[in-house]
Amino acid sequence: MERCVQWPSIAVSPDIHFQYNGFLSGLMLLSIARLFQNQLPQLFSRLFPFKRGLCHAYWAPNFWALYSALDKVLSVIGLELKLLDPNKVPKASMTSGLVQQFQHTVLPSVTPLATLICTLIAILPSIFCLWFKPQGPRGFLRCLILCALSSFMFGWHVHEKAILLAVLPMSLLSVGKAGDASIFLILTTTGHYSLFPLLFTAPELPIKILLMLLFTIYSISSLKTLFRKEKPLFNWMETFYLLGLGPLEVFCEFVFPFTSWKLKYPFIPLLLTSVYCAVGITYAWFRLYVSVLSDPPVGKTKKQ
């Protein structure tokens, strides 16, 4: 009765078919009410976390992880060669594990505007290719994946879980062509392993390893069977890289905790995981881009 008096238009609608509309309308009204309670600045700070730094506490394995790692290496070399003033070099600002803004030591510091420009530059070729060289539904899906990957690669304060926005749709491409299957396996294996630091307790260790092994072995064996008449899915370099995830996991989980470095350099396992996975994800992104730009449009035939 109360609903009939307050919102007769909702009351007369069939509940079974339109009840979710009433639910969403209620959420909309609550959201608008929050805006009138001076919550707009907090909303924008959540949507655009410019004050939370370029990288997350655990660096997402993207271009900026490689950039920050290179800056760290150059700063160490500069200190060893006495090219930098130790008093002007911040102490573990990027590897402190804290969500904060920081300045690079040797390389130019990155601003939110710079990440926006880099993201747009990375996305535009795939969009132009989709518009001027249409490749059908698969071309659209490739463009979608490239946009997600490019945002992951160059975005500001990217979370590591955002790699799933590219991994999941890439699975739809993997059964069409051997080249796409190879890219999918590299991307999904590296992307899944990059999420290991999110499960950091001892009871979770065998679970995450077992789940990844089961999925990876099944995916590789299934796609190898599907494309058994074509060339191998991996070359020697790709095989060597993927096998390197095993020693990396052994070092991070079973060797490093028992070394003296654990107290002095606790961020090393996260740093190694982020940088190593960033190499694989960057490689998969580059290979997918080359494939999109080099494939001919759908329906194109040679002139007689």
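**Close-up 1. Arg 142 and Asp 180 form a salt bridge.** A residue counts as buried when its relative accessible area is under 20%, as exposed when that value is over 50%, and as partly exposed in between. The model shown here and in the other views is a predicted one. At the closest approach, an N and an O atom of Arg 142 and Asp 180 are 3.0 Å apart. Arg 142 sits in helix α6 (residues 136-154) and Asp 180 in helix α8 (residues 178-194), which makes this a link between distant parts of the chain, 38 residues apart. Which side of the cut-off does Asp 180 fall on, buried or exposed? Asp 180 is buried, because its relative accessible area is just 1%. Arg 142 comes in at 2% relative accessibility, so this residue counts as buried too.

**Close-up 2. Arg 142 also meets Asp 295 in a salt bridge.** For this pair of side chains, the N to O distance is 2.6 Å. Asp 295 belongs to the segment after α13 (268-294), while Arg 142 is in helix α6, so the contact ties together parts that are 153 residues apart in sequence. Asp 295 and Arg 142 are both buried.

**Close-up 3. Arg 287 pairs up with Glu 238.** What kind of contact joins the two side chains? They meet in a salt bridge, with 2.9 Å from N to O. Since Arg 287 lies in helix α13 and Glu 238 in helix α10 (residues 236-243), the pair ties together parts that are 49 residues apart in sequence. Arg 287 has 23% relative accessibility and therefore counts as partly exposed. Glu 238, on the other hand, has a relative accessible area of 5%, so Glu 238 is buried.

**Close-up 4. Shared partners turn salt bridges into a network.** Which residues end up joined this way? Arg 138, Arg 142, Lys 177, Asp 180 and Asp 295 make up one network. Stepping back to the whole structure, the search turns up seven salt bridges.

**Close-up 5. This view looks into the second largest cavity, with about 50 Å³ of space.** The structure has five cavities of 30 Å³ or more. Lining the second largest one are Ser 126, Cys 129, Leu 130, Lys 133, Pro 134, Gln 135, Gly 139, Cys 143 and Val 292. Which helices each supply at least two residues of this lining? They are α5 (112-132) and α6, and α5 gives the largest share, with three residues. By type, the lining residues of this cavity split into five nonpolar, three polar and one charged.

**Close-up 6. His 157 has a positive phi.** Most residues other than glycine have a negative phi. His 157, which is not a glycine, has a phi of about 50°. And where does His 157 lie? It is in the loop between α6 and α7 (164-173). With 5% relative accessibility, His 157 counts as buried, because the cut-off is under 20%.

**Close-up 7. Phe 63 and Tyr 67 make an aromatic pair within helix α4.** The structure has 12 aromatic pairs by count. In this one, the ring centres of Phe 63 and Tyr 67 are 6.2 Å apart and the planes sit at 35°, so the pair is tilted. Both residues lie in α4 (residues 63-80), four residues apart, or about one turn of the helix. Phe 63 is partly exposed, with a relative accessible area of 30%. Tyr 67, at 15% relative accessibility, counts as buried.

**Close-up 8. Tyr 241 and Tyr 276 form a stacked pair.** Why stacked? Their ring planes are at 5°, with the centres 4.6 Å apart, and planes under 30 degrees apart count as stacked. Tyr 241 is in helix α10 and Tyr 276 in helix α13, so the pair ties together parts that are 35 residues apart in sequence. Tyr 241 is buried, at a relative accessible area of 13%, whereas Tyr 276 is partly exposed, at 23%.

**Close-up 9. Six aromatic residues, Phe 63, Trp 64, Tyr 67, Phe 154, Trp 285 and Tyr 289, form one cluster.** Phe 63 and Tyr 67, the tilted pair of Close-up 7, are both members of this cluster.

Methods:
Residues numbered from 1 in each chain as written. Predicted model: local features only at pLDDT ≥ 70, side-chain atom pairs only at ≥ 80, totals over all residues. Heavy atoms only, no water. Salt bridge = Lys/Arg side-chain N within 4 Å of Asp/Glu carboxyl O. Buried < 20%, exposed > 50% of the residue type's maximum accessible area, 1.4 Å probe, protein only. 1 Å grid on protein atoms, 1.4 Å probe; cavity = no way out; pocket = protein on both sides within 12 Å on 5 of 7 lines; lining within 4 Å. Points joined across faces, edges and corners; volume = space filled by probe spheres on them. Nonpolar A, V, L, I, M, F, W, Y, C, P; charged D, E, K, R; others polar. Phe/Tyr/Trp six-rings, centres within 6.5 Å; stacked < 30°, edge-to-face > 60°.
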